[in-house]
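Visitor: Please show me the model and take me through some of its local geometry.

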2 protein chains.
Amino acid sequence: MKKIINNPADVVTDALRGLAAAHPALLRVTRDPAVVAWAGSPVAGKVAVISGGGSGHEPLHTGFVGPGMLDAACPGAVFTSPTPDQVQAAAAQVDGGAGVLLLVKNYTGDVLNFETAAEFLDNTRTVLIDDDVAVQDSSFTAGRRGVGATVLVEKIAGAAAAAGADLDTCARLAEAVVAGARSMGLALTAPTVPHVGSPSFVLPEDEVEVGIGIHGEPGRRREPLTDASALVAALLEPILDDLPFVAGDEVLLFTNSMGGTPLLELYLAHGIAEELLAARGITVIRRLVGPYVTSLDMQGISLTLLRLDPALTDLWDAPVHTAALRWGM
Amino acid sequence: MKKIINNPADVVTDALRGLAAAHPALLRVTRDPAVVAWAGSPVAGKVAVISGGGSGHEPLHTGFVGPGMLDAACPGAVFTSPTPDQVQAAAAQVDGGAGVLLLVKNYTGDVLNFETAAEFLDNTRTVLIDDDVAVQDSSFTAGRRGVGATVLVEKIAGAAAAAGADLDTCARLAEAVVAGARSMGLALTAPTVPHVGSPSFVLPEDEVEVGIGIHGEPGRRREPLTDASALVAALLEPILDDLPFVAGDEVLLFTNSMGGTPLLELYLAHGIAEELLAARGITVIRRLVGPYVTSLDMQGISLTLLRLDPALTDLWDAPVHTAALRWGM
């Protein structure tokens, strides 16, 4: 294992120390339990938006904390759900009296631990994110996994909360994003978890795992590594068929790197996806391209499509200032 | 070789198509020769700022085109200098009549080709960037290599040009950044160039190359892969000794990923660097953390320190809107 770390058991703690140092005016990072909160929180009368999950997917979720997006994120150990006390501590820090929206990726451990925390909190709503069309159940999941759409849910619900929407409205908008978003990913290589020390699986040099999960969970199938056009089509077709997305739809296209894929390849894949969508009569009106939902050093990409309406588009466009996503402020 | 590409010979062209699709309102991408220009250029009376270099280092330079930073970037083939006609075409597109500032990383091919182009252009100034303290000469370089400081030079000179500074002032500020910035990097793995198809070098599983170049050029030495604290110190000490940086200095600390390094490790390294600087009495007042000057899929990091004064700090803070760096707009 080649990693720039000290004690593998301390990776998340050590990384949070660096995150705090890098963003002193933006973030308030507390320990025992670990919470990354927006330094400006709580805001009286504003719905607090909280998410979290296993570490190793950065910038998800800690990189999305700040005005216009998350009030707090709860980083678990690598690929491990945050504990209920992290979620309770986050809520205690950022609740401004207008309720707490919990945005939870649909993994069994995450769902359970956020549910347990919610039992101790007043005035919360939970929205589950399950946008991955690849498989119905998986290693860590009953139902579909939550992947790329998480970024879009966090941005749009966070913008609504920042604009003064009430808890029901924020939850309804988050549910609308989940309902209108679909994703699928593929991997060329496996991630290596620091405290494990070896790759999570073995993928032959000439094969790709199509439908991979963000922890390296198995996808739909392994197939020969062909060219980018075939790979992008293999992700996009199941996404389009599922909602379905149809001619005339206006969409946000999110081309995500799993971490280790060069930006050169990522933009190349994005260009192919844009061409395939144009050929179907689907209009891309917003884009996001970059490593936003990663799996440590895994090489691979995922595509996420979100059907937009004017209200969602305005919330997407609203100003945001986080470590990983920033515009208008 | 596992890559998400079509024909290896077309990688740059295909990626530029994706870049254009991803940023239709921001960028104007032209071909034959390849130029990525800000869609708002030329701006009458504004100094035009142009950079460029081999592809494979994205987001450098194409991801830094936009208001407040570069007017145009000239992307060469992978790890290959742009041609003089690319630079001339870029200047023809973005010259607003107030002169053209060429920002050139100190690699022999880049220097030669930008010089050749400049002979055919009126009213240009060229600033060479050579911030890498690792080695004096290298595979592609006479003198020191240009690495991480490039982002800082492009941001600060771009901000000055946007604020209406004349060509001499923009060049003087770019030179001030070069004079006050020092960098060094290390690699855990080698990059794989698409048209080559195999890693650029072989690094044993338990070794790290300290002082690596961004094309995988040899560094100062190979040494056993130890822990993050030792690795960060091995980069920071030569940087501090070189300028030298001393107690009381106020600096920008740029912790850069070479591409394949997870953000978790990058923030961990950043935290260590902050602590080492604090112990020296050097105050970090600005930070940049992320994959900004990469070497395809290479795992590794580099550190760049820039000594700040109030003028440079204000220019760093000025609004910018590019694909990879954005704030305030």
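The questions below deal with a cavity, a helix pair and some backbone features.

Guide: This is a predicted model, in which local features need pLDDT of at least 70, side-chain atom pairs count only at pLDDT 80 or more, and totals for chains, interfaces and linings use all residues. Residues are numbered from 1 along each chain as its sequence is written, chains are lettered from A and ligands numbered from 1 in the order written, and side-chain values use heavy atoms, without hydrogens and water.

Visitor: Which element gives the most to the lining of the largest cavity?
Guide: On a 1 Å grid over the protein atoms alone, a cavity is a set of points where a 1.4 Å probe fits but cannot get out, and lining residues have an atom within 4 Å of a point. The lining of the largest cavity includes Leu263(A), Tyr267(A), Val12(B) and Glu58(B). Two elements give two or more residues to this lining, α7 (263–279) of chain A and α1 (11–22) of chain B; helices are DSSP runs of H or I with at least four residues, strands are E runs of at least two, and both are numbered from the N terminus. The most, four residues, comes from α1(B).

Visitor: Is α6(A) parallel or oblique to α7(A)?
Guide: The axes of α6 (residues 228–242) of chain A and α7(A) come within 9 Å and cross at roughly 50°. Axes are lines fitted to C-alpha atoms, for helices over the stretch in contact, and angles run from 0 to 180 degrees between N-to-C directions. Angles under 35 degrees count as roughly parallel, over 145 as roughly antiparallel, 65 to 115 as roughly perpendicular and the rest as oblique. The crossing angle therefore makes α6(A), relative to α7(A), oblique.

Visitor: Where is Pro42(B) found?
Guide: Most peptide bonds are trans. The bond from Ser41(B) to Pro42(B) is cis, with omega near -5°. Pro42(B) is found in chain B, in the loop between β2 (35–38) and β3 (48–55).

Visitor: What is the omega of the peptide bond from Leu60(B) to His61(B)?
Guide: His61(B) has its place in the loop between β3 and β4 (72–78) of chain B. The peptide bond that joins Leu60(B) to His61(B) is cis, with omega near -10°.

Visitor: What is the phi of Phe79(A)?
Guide: Most residues other than glycine have a negative phi. Phe79(A) lies in chain A, in the loop between β4 (72–78) and α2 (84–94). Although Phe79(A) is not a glycine, its phi is positive, at about 55°.

Definitions and conventions
1 Å grid on protein atoms, 1.4 Å probe; cavity = no way out; pocket = protein on both sides within 12 Å on 5 of 7 lines; lining within 4 Å.
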